[in-house]
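Let's take a friendly walk through this model, one topic at a time. Have the sequence and the 3D view open as you read.

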Amino acid sequence: MRLGFKARKRASAREKSAAIRQALGERNVVLIGLMGAGKTAVGRRLAQRLGLPFVDADREIERAAGQSVDDIFAEHGEEHFRDGERKVIGRLLDGGPKVLATGGGAYMDARTRRNVEKKGISVWLKADLDVLLERVKRRDNRPLLKTGDSKEVMRKLMDERYPIYAKADVAVQSRNVAHDTIVGEIVNALHETLLKRQGPKAD
Ligand code: S3P
């Protein structure tokens, strides 16, 4: 039986996901990027598309600490949070494959970065300042944004972090389009990086 256009498209998407899962082996897809880039929202849908579990590192840190990220910062300080973040992400990277969304500062830690390189494929969700600001103002749970004017804080973080985020294996522009569009672009980029760049196999 001949498949219609939509059915062919679905079948090809399924094949692509299966190929990515196979190429990943036990490695994780690790989403990085600034606050508001959409790591959690996109990550959850990406995991569904790839047929992998989804884990949000900040939620795991909160679970391990029995406290919100906001409270950890307020009661114990940023350094304490970063130590916990490194440990929790280290543990999560060992249990792959999965899609892992990380907090905006996680990839700035050199040890975490090396760990991600070894045990994952990093995907940078890159976004412009205006897009990020519009999204972060919807919630009041980000301790770093309480340290000053949000726009100034975000601009400074972009200056410090974007050169480091640029080391990621894959970069996709996050913008105000349907999440599924971004997910599709990530899937294509992962496919390209994991499969096409391997080149022909030697006999
Ligand atoms: C942080 C980002 C937050 C959270 C913490 C610190 C950062 O996560 O980990 O508030 O340093 O950029 P999101 O990027 O998910 O908001």
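## A loop with a cis proline

The model shown here is predicted. A good place to begin is Pro 97, which sits in the loop that runs between helix 5 (78–94) and strand 3 (99–101). Look at the backbone there: the peptide bond from Gly 96 to Pro 97 is cis, and its omega is near 5°.

## Where the ligand sits

Now turn to the ligand. Which pocket does the ligand take up? The space it fills is the largest pocket.

The shell around the ligand mixes residue classes: five are nonpolar, three are polar and five are charged. There are 13 residues around the ligand, and those that come nearest are Lys 39, Asp 58, Arg 82, Arg 142 and Arg 161.

## Contacts with ligand oxygens

Arg 142, one of those nearest residues, reaches the ligand through its side chain, where an N or O atom is 2.8 Å from a ligand oxygen atom. Backbone atoms take part as well. A polar backbone atom of Gly 104 is 2.9 Å from an oxygen atom of the ligand, and for Gly 105 a backbone N or O atom lies 3.4 Å from a ligand oxygen.

How much of the ligand's accessible area does the protein cover? On its own the ligand has 390 Å² of accessible area, and the protein covers 93% of it.

## Aromatic pairs

Away from the topic of the ligand, the structure holds four aromatic pairs. One of them is formed by Trp 124 and Tyr 162, in an edge-to-face arrangement with 4.9 Å centre to centre and 75° between the planes.

What does this pair tie together? Trp 124 belongs to strand 4 (residues 120–126) and Tyr 162 to helix 8 (residues 150–165), so the pair links parts that are 38 residues apart in sequence.

Methods
Residues numbered from 1 in each chain as written. Predicted model: local features only at pLDDT ≥ 70, side-chain atom pairs only at ≥ 80, totals over all residues. Heavy atoms only, no water. Near = heavy atom within 4 Å. Polar contact = N/O pair within 3.5 Å; in protein donor to acceptor, adjacent residues only side chain to side chain. Areas by Shrake-Rupley, 256 points an atom, 1.4 Å probe, with all protein chains shown as cover. 1 Å grid on protein atoms, 1.4 Å probe; cavity = no way out; pocket = protein on both sides within 12 Å on 5 of 7 lines; lining within 4 Å. Sits in = over half its atoms within 2 Å of the grid points. Nonpolar A, V, L, I, M, F, W, Y, C, P; charged D, E, K, R; others polar. Phe/Tyr/Trp six-rings, centres within 6.5 Å; stacked < 30°, edge-to-face > 60°. Helix = DSSP H or I, 4+ residues; strand = E, 2+ residues; numbered from the N terminus.
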